[in-house]
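Thanks, everyone. Please pull up the structure, and I will walk through the aromatic residues and then the overall fold.

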Amino acid sequence: MDWAGRKILLGITGSIAAYKATWIIRQLKSKGAEVQVVCSTDALGFVTPLTLATLSERPVYTEFVRSDQGEWVNHVALGLWADLMLIAPCSAHTLAKMAGGLCDNLLMAVYLSARCPVWFAPAMDLDMWKHPATSRNVNELISRPNHRMLGPASGALASGLSGVGRMSEPQEIVDAMEQWWLSTNDQARPPVLDTWRGKKVLITAGPTREAIDDVRYISNHSSGKMGYTLAQAFLEQGAEVMLISGPVSLSPPQGLQSFVAVESALEMHQAVEKYQEQFNVGIFCAAVADFRPVHKKDGKIKKKDGVSPIALVANPDILAEIGRNKRADQFLVGFALETENGLAEAARKKSTKQCDLLVLNHLNDPGAGFGLDTNQVTLLSNMGITELPLAPKIEIARQIIQHITKCYFHS
Ligand code: PMT
């Protein structure tokens, strides 16, 4: 992709992750983009203006006035100059100021003047991230037109704790930009922001657990990542998202309309039925166990009692049932994880479960399926068969949504 002439305003705030911004500048510059850095003064405690100016090949702006030269930094002109404003890392403090519209430094003045899309990559400690005040600020920001949040990721934090709060990796951020440029260049694609405002999207995610006794269960390797990234990507588009999740170790994205945590297929079935009438789009990404033990034993089956067979009974097929009862205005998306005859199996499931779109992922494709951060899928819909190459799950989620958008609004 040609990045020449792309103008990116990079806002950097006071966070240890500020060092990662240098890598973002390097990447963007090497692709041919123009990068103008605007920092908060706190950011300069973590990374020097000399480094940033050298990498970006432009002066770094922090204050309204460059007192050494008597020059006024025109925040309005900067805000209008950019094709995209990225604030990375975005500290809890800056996030709060953006949500509240405070204008106490140059970065905030530029933010308030920018007419371009604004992306922000939060970076903070996990308790700051989980704080209700931060949740409220994030909800406010992601509900604004043209705003998009990247991350935060989960992992080791500078505090020594571990959890959600790490800034997304620079490569992921640059990849997301590239995908975005590509999609906005393609006139055939529908607009990606704000399209789903006011629409309700139901998503199932993760595995189910079918209890054998009080300590053991039948389950599968689903991590919930695909379903959770779909929820995240629909939130970015302004949709009201209801997420029903089997047991996973992910934090639900901020801004959900509702979140229901379930264990078993029967519980998931019950939760889905509750929302059956409400949704405009239903996405069944969960890896639901097809069978459950007929009887759950109380306590723990003892080894000394020997090996005894476990009788199984079929679980309800939630998607098939919703498909049978769906209204004409509801759009249904099924997933299929296959190990052989992928296309044929996916086509069969699309038809028997009465889906409008079936997303096929193949366990044999490297980088696809359970647990990974990437996926490679094939979409089967009335528009034909579309293969999406291997990409981070969040990008796959966005492309699936673009496909749904085309089918839902334009067919
Ligand atoms: O969670 P990750 O680690 O990110 O992995 C993502 C994923 C591989 C789980 C996901 O991409 C995926 O493929 N999910 C569906 C897996 C699956 O169970 O496929 P299936 O062929 O068994 O089911 C077909 C469809 O029917 C699915 O939409 C499933 O949600 C639904 N189903 C299946 C059985 C059942 N009893 N009820 C259902 O609703």
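Start with one aromatic cluster: Trp196, Phe234, Phe331, Tyr408 and Phe409. Keep in mind that this is a predicted model. Inside the cluster, Phe409 is partly exposed, at a relative accessible area of 33%.

Now the pair count. Nine aromatic pairs come out, with ring centres within 6.5 Å as the cut-off. Take Trp119 and Trp180. Their rings meet edge-to-face, 5.6 Å centre to centre, with 70° between the planes. What does this pair tie together? Trp119 sits in strand β6, residues 118-122, and Trp180 in helix α8, residues 170-185, so the pair links parts that are 61 residues apart in sequence. Trp119 is buried, with a relative accessible area of 1%. Trp180 is buried too, at 9%. Next, Tyr408 and Phe409. That pair is also edge-to-face: 5.0 Å between centres and 85° between planes.

Two arginines belong in this picture. Arg148 lies over the face of Trp119, at 4.3 Å from the ring centre. So Trp119, a buried residue, has an edge-to-face partner in Trp180 and Arg148 over its face. The other case is Arg6. Its charged end sits over the ring of Trp181, 4.4 Å from the centre.

On to a hairpin. Strands β8, residues 153-156, and β9, residues 162-166, pair in the antiparallel sense over four bridges. Which residue in β9 is the bridge partner of Ala156? That is Ser162. Five residues separate the two strands, and in the turn Gly160 has a positive phi of about 100°.

Zoom out. The secondary structure comes to 13 helices and 21 strands. The C-alpha trace spans about 85 × 55 × 35 Å along its principal axes. For 411 residues, a compact globule would have a radius of gyration near 22 Å; this protein has 24 Å, which agrees. Buried residues make up 51% of the 411. Of the contacts with a separation of 6 or more, 67% are between residues 24 or more positions apart.

Last, confidence. The mean pLDDT is 91, and 95% of residues reach 70 or more. One stretch to flag is residues 186-192, where the pLDDT is below 50. Beyond near neighbours in sequence, that stretch has twelve contacts in the model.

That is the tour. Over to you for questions.

Methods
Residues are numbered from 1 along each chain as its sequence is written. This is a predicted model: local features need pLDDT of at least 70, side-chain atom pairs count only at pLDDT 80 or more; totals for chains, interfaces and linings use all residues. Side-chain values use heavy atoms; hydrogens and water are left out. Rings of Phe, Tyr and Trp (its six-membered ring) pair if their centres lie within 6.5 Å; planes under 30 degrees apart count as stacked, over 60 as edge-to-face and the rest as tilted. Buried means under 20% relative accessible area, exposed over 50%, partly exposed in between (1.4 Å probe, protein chains only). A charge sits over a ring if NZ of Lys or CZ of Arg is within 6 Å of the ring centre and within 35 degrees of the ring normal. pLDDT is the predictor's confidence in each residue, from 0 to 100. Contact means heavy atoms within 4.5 Å. Two strands pair if DSSP finds at least two bridges between them. The radius of gyration is taken over C-alpha atoms; the globule rule is 2.2 Å times the number of residues to the power 0.38.
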